[in-house]
Amino acid sequence: MKARIVRIGNSRGVRLPKSLLEEAGLPDEVEIQARNGAIIIAPAVRPRAGWREAAQLLRKRSEDTLLEPPTRTRFDETGWRW
C-alpha cells in the first residue's frame, strides 16, 4: 500500500487506514522508532505489564516469600506504639 507524507501543522505524517490498523491489531498508544531507513510502529509497552499474573502464579506455587529474613532496626524496638 502506498501513502503520501502530508503536512500536519509543523510536523509531517502519514494517514493510516482503519482497516490496516485493525489488521495490525495496534492499540491507541504506540511506540515509533526509526531503524535502518524504516519507521517501525509497535504497541506501546506498559510498565509492569504482566506483574499481577506473575504475582498470582508465585502465590499459587507458594513462592511468594522473602528471599532473606527481615533485618530488625531500632524502630522495631522503640518506634512501635500500640
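The largest pocket of this predicted model has a volume of about 530 Å³. A pocket here is an open set of points, on a 1 Å grid over the protein atoms alone, with protein on both sides within 12 Å along at least five of seven lines. The volume is the space filled by probe spheres set on the points, which are joined across faces, edges and corners. Residues are numbered from 1 along each chain as its sequence is written. Local features need pLDDT of at least 70 and side-chain atom pairs count only at pLDDT 80 or more, whereas totals for chains, interfaces and linings use all residues; side-chain values use heavy atoms, without hydrogens and water.

Which residues lie nearest the centre of the largest pocket? They are V14, R15, L16, I39 and I41, out of 19 residues in the lining, where a lining residue has an atom within 4 Å of a point. Two or more lining residues come from each of β2 (11-13), α1 (18-24), β3 (30-35) and β4 (38-43); helices (H or I, at least four residues) and strands (E, at least two) are DSSP runs numbered from the N terminus. Helix α1 gives the largest share, 3 residues. By class, 15 lining residues are nonpolar, 1 is polar and 3 are charged. Ala, Val, Leu, Ile, Met, Phe, Trp, Tyr, Cys and Pro count as nonpolar, Asp, Glu, Lys and Arg as charged, and the others, Gly among them, as polar.

Turning to the surface, M1, I5, V14, L16, L20, L21, I32, I39 and I41 make a nonpolar patch of about 870 Å², with α1 and β4 as the elements that give two or more residues. Such a patch joins nonpolar side chains (Val, Leu, Ile, Met, Phe, Trp, Tyr) within 5 Å, from residues with over 30% relative accessible area and no salt bridge, that is, no side-chain nitrogen of Lys or Arg within 4 Å of a carboxyl oxygen of Asp or Glu. Areas come from the Shrake-Rupley method with a 1.4 Å probe, and for residues only the protein chains shown count as cover. One patch member, I32, lies in strand β3 and counts as exposed because its relative accessibility is 59%; exposed means over 50%, buried under 20%, and partly exposed in between.

The backbone also deserves a look. Most residues other than glycine have a negative phi. R48, in the loop between β4 and α2 (51-60), has a positive phi of about 65° and is exposed at 56%.

Terms used:
1 Å grid on protein atoms, 1.4 Å probe; cavity = no way out; pocket = protein on both sides within 12 Å on 5 of 7 lines; lining within 4 Å. Patch = residues over 30% accessible without salt bridge, like charges linked within 9 Å, V, L, I, M, F, W, Y side chains within 5 Å. Buried < 20%, exposed > 50% of the residue type's maximum accessible area, 1.4 Å probe, protein only.
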